[in-house]
Amino acid sequence: MRSPVVFVVALFLSSFAFAASKPHVITFGKPMQVKLFLGPSENHTVEINIRSLFVDTKLREFTTGDPHDVTDRLFVVRRAFRINDGLPTEPRKPPKWLWQLGGWLLVDRSTGRVTQLVLPEFDPFYSDVAWYRDYAAYCGINENATKVFAVVTAIGRKKPILRRELAAATNGPHRDSECDVPTWERNPAKVTFNPKNAQKLTFTLPDRSVAVLPAGEEESSKEQ
């Protein structure tokens with residue numbers, strides 16, 4: 001006959017296992033149109049659609065654009081956020097919220113974890129990412145906003161697979177002032193960059209293997 005202590009421990013472990021295996025529910029809210037302010041003086045606006053990202057009915061982030069499925073478990077989506085534009089000399093209530101474009105989020109459907117991806121030299125305004133599998137291709141801008149780079153990176157890598165200078169940055173007033181969105185092809189897997197002030201560049205991936213790595217890990221690769 002089992003002792004009461006053994007029974008309680010078994011019940012606790014079974015409850016813990018059930019809670020650990022409980023699936024998470026990832027949902028998006030209804031699209032909401034907001035204004036994005038552009039230019040050095042922020043005197044130009046464009047309309048963008050924002051959606052809330054919920055994990056188990058809890059609001060985690062705001063997003064914009066369509067998500068990209070990396071695997072049946074992982075997907076990425078562009079982040080949007082509000083920033084308070086109020087000055088210290090202005091009344092603090094209500095805050096003066098301005099919508100801004102952020103980076104990209106990695107969402108794990110099985111764990112409910114939402115992680116901000118670190119994309120090398122990604123510019124929130126000019127960089128328009130084209131995804132293929134777990135690869136991101138985009139035109140990056142250096143910290144001084146003087147040069148445009150062709151960048152290809154993969155989720156979980158510390159260093160980009162490709163980082164090649166394309167042209168001098170123009171810092172134009174439009175989001176596509178530096179580059180059009182890169183285009184992917186398969187067999188072989190390759191991506192073409194179309195900068196506005198330089199010749200187009202086509203880069204072929206070193207191999208077709210895909211290994212989505214945990215954050216902080218890295219696998220070796222060679223640039224062609």
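Strands are DSSP runs of E with at least two residues, numbered from the N terminus. With that convention in hand, the predicted model can be toured from its overall make-up down to a single side chain. The chain has 14 strands and one helix. Of its 224 residues, 37% are buried. Among contacts with a separation of 6 or more, 45% link residues 24 or more positions apart. The exposed surface comes to about 14000 Å², and carbon and sulfur atoms supply 54% of that area.

A convenient place to start is the sheet built from four strands. This sheet is open, runs in the order 8-9-10-11 and has antiparallel pairing. Strand 8 and strand 11 are its edge strands, each pairing on one side only. On average, and with direction ignored, neighbouring strands of the sheet are turned by 20 degrees against each other. Inside the sheet, seven bridges join strand 9 and strand 10 in the antiparallel sense. Tyr-135 stands opposite Ala-154, a residue of strand 10.

The strands of this sheet also turn up in the nonpolar interior. The largest nonpolar core holds 23 residues, and the members that touch the most others are Val-152, Leu-166, Trp-184 and Phe-193. At least two residues of this core come from each of strand 8 (130-132), strand 9 (135-141), strand 10 (147-154), strand 11 (162-168), strand 13 (190-193) and strand 14 (201-204). Leu-166 shows how far such contacts reach along the sequence: leaving aside residues up to four places away, Leu-166 touches Cys-139, Val-148, Phe-149, Ala-150, Cys-179, Phe-193, Pro-195, Ala-198 and Leu-201. A second core, separate from the largest one, contains 15 residues, including Leu-106, Phe-122, Trp-131 and Tyr-138.

Thr-192 offers a closer look at a polar residue. This threonine lies in strand 13. Its relative accessible area is 8%, and because the cut-off for buried is under 20%, Thr-192 counts as buried. The side chain of Thr-192 is joined to that of Thr-202 by a polar contact of 3.0 Å. Not counting residues up to four places away in sequence, Thr-192 touches Pro-182, Thr-183, Glu-185, Lys-200, Leu-201 and Thr-202. Thr-202 is thus on the contact list of Thr-192 as well as being its polar partner. Leu-201, for its part, is touched by Thr-192 and also by the core residue Leu-166.

Methods:
Residues numbered from 1 in each chain as written. Predicted model: local features only at pLDDT ≥ 70, side-chain atom pairs only at ≥ 80, totals over all residues. Heavy atoms only, no water. Core = buried A, V, L, I, M, F, W, Y, C linked by side-chain atoms within 4.5 Å. Buried < 20%, exposed > 50% of the residue type's maximum accessible area, 1.4 Å probe, protein only. Contact = heavy atoms within 4.5 Å. Polar contact = N/O pair within 3.5 Å; in protein donor to acceptor, adjacent residues only side chain to side chain. Areas by Shrake-Rupley, 256 points an atom, 1.4 Å probe, with all protein chains shown as cover. Pairing = 2+ DSSP bridges. Axes fitted to C-alpha atoms, helices over the stretch in contact; angles between N-to-C directions.
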